[in-house]
Amino acid sequence: MQRIDHRLPWGCPGTERSLSVFRFGSGERKAYIQASLHADELPGMRVAVELKRRLAELEGQGRLRGIIELVPVANPIGLGQMLQASSQGRFELGSGKNFNRDFVDLADLVAVQLDGRLGGDAEANVRLIRQAMRAALEALPPAGSELQGLQRLLLRHACDADLVLDLHCDFDAVVHLYMIPQQAEAFAELAARLGAGAVLVAEDAGGSSFDEACSLAWLRLARRFPSAAVPLACQAATVELGGMADTERERAEASAESILAYLAGQGLIDGIWPPAPAPSCVPTPFSGAEYAYAPHAGVVSFLQPVGARVAAGDPLFEVIDPLEDRHSIVRASTSGVLYVRERLRFAQPGLWLAKVAGQQPIRQGRLLSD
Ligand SMILES: [Zn+2]
């Protein structure tokens, strides 16, 4: 195992932060796994603890067949953001920016220099494109903020990986995954091993999140150079490991083993692993996910547990104004799986309270909320 520590730019004097990457194995192929980019989403960090321990073991046994890079704390900035005893890990306090938005568009960054250099040899193209991506990230003008410096470092480590997993969680949720539709099949085994309750696919959910910065770049290049052989060489997913409180040891150990077994299936680890179970859900369009809002302020009672299968018209939650006695029941507008519930129990304007993964597209444009 090799530990690589990067110093983040723009540290306040006396409080500089660093990003640590743990590299296991060696070889041509590479997987990159990061945890807790939204710093208060800790199930990923807990799983990374297990992955770190197990990867060191597997490396010692000579069972790694490629490089696996692990970033257990992908967001040291957010991890330090406490506001009156409450963790603020989603948005950078200084700028208000979501840590998982606005990653640089790698396709845009390298397209001009690739013009006329890509041919019919897919492997050669992949090598050339990865080289161009690394060089382009290095050649960017100095980062304008600590956040930008962090995002570039994460992308620099991930951009030449064959497989990228970005470990997050939602508030109160079943395990679910996001990816581009072209890669749903490649991730079906991982979803099954993790017992996912939903797999949500979108070609561009808006917001330039980390997984899309890694995977979508290849799709954009393939379309930009239609006569060249440009494969989707980076398979990337956001893995939501349940809800924010899901940091139990047994669960983390099981999730880590599922991820390792998946990596083994991808040829990155040797040995005999348990067979993958049958799929626990089918992929649905992210545009088919209903975000349910309250019609007015009030205290919220959920009427279904996470993971419930609901039909259109089924009650999801009720909202009660304690002073005026206004009472509303919010019902599902689509049939599917109630895969996330908000943690807050007082309805706020503009904040969703429940999400249902349905089959029929019902939303357009930017699909990600902030
Ligand atoms: Zn997140």
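A crossing of two helices is called right-handed if the near helix is turned clockwise from the far one by less than a right angle. The exercises below concern a predicted model.

**Exercise 1.** Determine how helices H3 and H4 are arranged, and which residues join them.

Solution.
Step 1. Two packed helices are described by the angle between their axes and the distance between the axes. For H3 (residues 106-114) and H4 (residues 122-139), the angle is about 115 degrees and the axes are 9 Å apart.
Step 2. Angles from 65 to 115 degrees count as roughly perpendicular. H3 and H4 are therefore roughly perpendicular to each other.
Step 3. The hand of the crossing, in which H3 passes H4, is right-handed.
Step 4. On the H3 side, the contact is made by Leu106, Leu109, Val110, Gln113 and Leu114; on the H4 side, by Ile129, Ala132, Met133 and Ala136.
Step 5. Sorted by class, the residues of this contact are eight nonpolar, one polar and no charged.

**Exercise 2.** Check the span of helix H8 and find out what covers its buried residues.

Solution.
Step 1. H8 covers residues 249-265, which is 17 residues, and at 1.5 Å a residue it should span 24 Å.
Step 2. The C-alpha atoms at the ends of H8 are 24 Å apart, so the expected span and the model agree.
Step 3. The buried residues of H8 are Ala252, Ser255, Ala256, Ser258, Ile259, Leu260, Ala261, Tyr262 and Leu263.
Step 4. The cover over these residues includes three strands from S3 (30-35), S4 (67-71) and S7 (163-170) as well as strand S11 (235-243). Helices H1 (43-60) and H6 (184-193) are also among the covering elements.

**Exercise 3.** Describe the packing of H6 and of H1 on H8.

Solution.
Step 1. H6 and H8 pack at about 155 degrees, and their axes lie 9 Å apart. That angle is over 145 degrees, which makes H6 roughly antiparallel to H8.
Step 2. H6 passes H8 in a right-handed crossing.
Step 3. From H6, Glu189, Leu190 and Arg193 meet Ser258, Ala261, Tyr262 and Gly265 of H8. The classes in this contact are three nonpolar, two polar and two charged.
Step 4. For H1 and H8, the angle is about 55 degrees and the distance between the axes is 8 Å. H1 is thus oblique to H8.
Step 5. The crossing of H1 and H8 is right-handed.
Step 6. Arg46, Val47, Val49, Glu50, Leu51 and Arg54 in H1 are in contact with Ala252, Glu253, Ser255, Ala256, Ile259 and Leu260 in H8. By class, the contact holds seven nonpolar, one polar and four charged residues.

**Exercise 4.** Follow the chain past the end of H8 and decide whether Ile269 is buried or exposed.

Solution.
Step 1. Just after H8 comes Gly267, with a positive phi of about 85 degrees.
Step 2. Ile269 sits in the loop between H8 and strand S12 (283-285).
Step 3. The cut-off for a buried residue is 20 or more other C-beta atoms within 10 Å. Ile269 has 25 such neighbours inside 10 Å, so it counts as buried.
Step 4. Apart from neighbours within four places in sequence, Ile269 is in contact with Leu58, Arg63, Leu64, Arg65, Leu260, Leu263 and Ala264.
Step 5. Ser328 is 59 residues from Ile269 in sequence, and their C-alpha atoms are 53 Å apart.

**Exercise 5.** Locate Asp102, Ser208 and Pro349, and state how exposed each is.

Solution.
Step 1. Most residues other than glycine have a negative phi. Asp102 has a positive phi near 65 degrees, and Ser208 has a positive phi of about 50 degrees.
Step 2. Asp102 is in the loop between strand S6 (86-87) and H3. With 15 other C-beta atoms within 10 Å, Asp102 is partly exposed.
Step 3. Ser208 is in the loop between strand S10 (198-201) and helix H7 (210-224). Ser208 has 17 other C-beta atoms within 10 Å and is therefore partly exposed.
Step 4. Pro349 lies in the loop between strand S19 (346-347) and strand S20 (354-358). Pro349 counts as exposed because it has 8 C-beta neighbours inside 10 Å.
Step 5. Pro349 and Asp162 are separated by 187 residues in sequence and by 41 Å between their C-alpha atoms.

Technical notes. Residues numbered from 1 in each chain as written. Predicted model: local features only at pLDDT ≥ 70, side-chain atom pairs only at ≥ 80, totals over all residues. Axes fitted to C-alpha atoms, helices over the stretch in contact; angles between N-to-C directions. Helix = DSSP H or I, 4+ residues; strand = E, 2+ residues; numbered from the N terminus. Parallel < 35°, antiparallel > 145°, perpendicular 65-115°, else oblique. Contact = placed C-beta atoms within 7 Å. Nonpolar A, V, L, I, M, F, W, Y, C, P; charged D, E, K, R; others polar. Expected span 1.5 Å × (residues − 1). Buried ≥ 20, exposed ≤ 12 C-beta atoms within 10 Å, placed from the backbone.
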